[in-house]
Amino acid sequence: MIELEGVPELIDPVMVAAFEGWNDAGDAASTAVAHLEREWKGEVFAALDAEDYYDFQVNRPTVFMEAGVRKITWPTTRLSVVRVGGEKPRDLVLVRGIEPSMRWRSFCNELLGFAHELGVELVVILGALLGDTPHTRPVPISGTTSDADLARRMDLEETKYEGPTGIVGVLQEACTHAGVPAVSLWAAVPHYVSQPPNPKATLALLNRLEDLLDLRVPLGELPEDARAWQVGVDQLAAEDSEVAEYVQTLEEARDTAELPEASGEAIAREFERYLRRRDGAGPSPGGHATADGGDSGSYRREGPGSGRTRPPKPPRTGAEPDARETRDEPDGEEPSGD
């Protein structure tokens with residue numbers, strides 16, 4: 001049994017988790033949890049034993065100096081707790097780490113042990129994948145669950161995905177077997193600009209998390225960073241006519257797919273978010289999964305030390321790119337590869 005000392009009794013706790021690695025294109029998901037931890041001043045209360053789950057030749061420890069003393073930070077997964085204020089305060093248990101190298105079932109069982117001891121009522125796992133989506137349009141976010149009743153109540157897709165999976169998919173399945181309600185939220189990151197950070201995708205994940213949990217997340221400079229990121233990618237894409245043409249093709253496919261939906265639900269969500277923010281103004285408490293379940297690296301840099309990045313040219317196959325929407329994937333849990 002896991003014994004927790006120094007952790008107060010929590011109010012309606014929800015566990016929010018993200019893992020660096022294959023499930024985290026553009027570092028969008030792990031950055032979202034880091035943002036919550038920073039804005040709400042999360043206090044770390046537990047860390048998993050790195051020896052049990054990580055290959056240090058894959059995820060190497062780092063050395064740093066503190067007050068003249070040489071120290072080592074080991075790759076691991078840490079848990080912190082934050083309290084969200086407001087009329088209905090609640091606690092979030094934040095899980096942030098690296099996709100483990102081994103013993104995934106034991107890893108998930110240890111996290112679920114913490115969830116049980118803390119009385120967690122819902123687990124929300126954030127992920128990001130590479131997809132055929134233009135950077136100029138809103139980031140597609142898919143929300144899925146293995147629980148049919150939860151899917152109906154929270155307006156989510158029921159998982160139907162089959163194929164390669166990462167720790168996000170394994171943890172969600174472990175939650176299902178343990179009887180813990182679990183939801184996965186996935187952001188689709190443009191495959192031609194996958195280099196982190198991607199503040200636009202991070203912002204989209206946080207907005208969807210707000211809707212899901214009915215809370216207000218302090219966004220800080222994230223909206224401005226997202227706008228600056230898009231302007232920067234616009235400029236880089238404009239320098240290459242083939243990339244600009246490819247982006248236009250993705251835009252047309254996206255717009256055509258969404259045209260039939262007069263998205264009243266999306267408008268309603270934005271209006272609700274606006275009201276929530278207005279009413280709560282003031283201080284407030286390696287490779288990646290792709291849409292076909294494969295791996296993809298990030299885009300190339302212009303040159304050593306240049307400080308600039310540039311999207312690669314799309315493959316010249318002679319056929320139009322597959323511009324399927326992320327939300328139309330058969331699963332969504334990992335609309336592409338768990």
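1. Let's start with disulfides. How many does a search of the whole structure find? The count is 0. Keep in mind that this is a predicted model, so the absence is a statement about the atoms as modelled.

2. Where does that leave the cysteines? C108 takes part in no disulfide, and the nearest cysteine sulfur to it belongs to C175, 7.6 Å away. The reverse holds too: for C175, also in no disulfide, the nearest cysteine sulfur is that of C108, at 7.6 Å. A disulfide needs the two sulfur atoms within 2.5 Å, so a separation like that does not count.

3. Are these two cysteines buried or exposed? C108 is buried, with a relative accessible area of 2%. C175 is buried as well, and its relative accessible area is 0%.

4. Now for the rings. The structure holds 5 aromatic pairs. One of them joins Y53 and F107, an edge-to-face pair with 5.3 Å from centre to centre and 85° between the planes. Y53 sits in helix α2 (residues 50–53) and F107 in helix α3 (residues 104–118), so this pair ties together parts that are 54 residues apart in sequence. Both Y53 and F107 are buried.

5. There is a bit more to that spot: ring pairs link F19, Y53 and F107 into a cluster. When you look at the structure, it is worth picking out F19 along with the other two.

6. A second pair to look at is F56 with W74. Their ring centres are 4.9 Å apart and their planes make an angle of 50°, so the pair is tilted. It links distant parts of the chain, 18 residues apart: F56 is in the loop between α2 and β3 (62–66), while W74 is in the loop between β4 (69–73) and β5 (78–84).

7. How do those two partners stand for burial? F56 has 18% relative accessibility, so it counts as buried. W74, at 39% relative accessibility, counts as partly exposed.

8. Last, helix α1 (residues 28–39). Why does its length make sense? At 1.5 Å a residue, its 12 residues should span 16 Å, and the end C-alpha atoms are indeed 16 Å apart, so the two agree.

9. Helix α1 is mostly covered, with 9 of its 12 residues buried. Which ones are buried? They are A28, A29, S30, A32, V33, A34, H35, L36 and E37. After α1 comes K41, whose phi is positive, near 55°.

Key. Residues are numbered from 1 along each chain as its sequence is written. This is a predicted model: local features need pLDDT of at least 70, side-chain atom pairs count only at pLDDT 80 or more; totals for chains, interfaces and linings use all residues. Side-chain values use heavy atoms; hydrogens and water are left out. Helices (H or I, at least four residues) and strands (E, at least two) are DSSP runs, numbered from the N terminus. The expected span of a helix is 1.5 Å times one less than its number of residues. Buried means under 20% relative accessible area, exposed over 50%, partly exposed in between (1.4 Å probe, protein chains only). Rings of Phe, Tyr and Trp (its six-membered ring) pair if their centres lie within 6.5 Å; planes under 30 degrees apart count as stacked, over 60 as edge-to-face and the rest as tilted.
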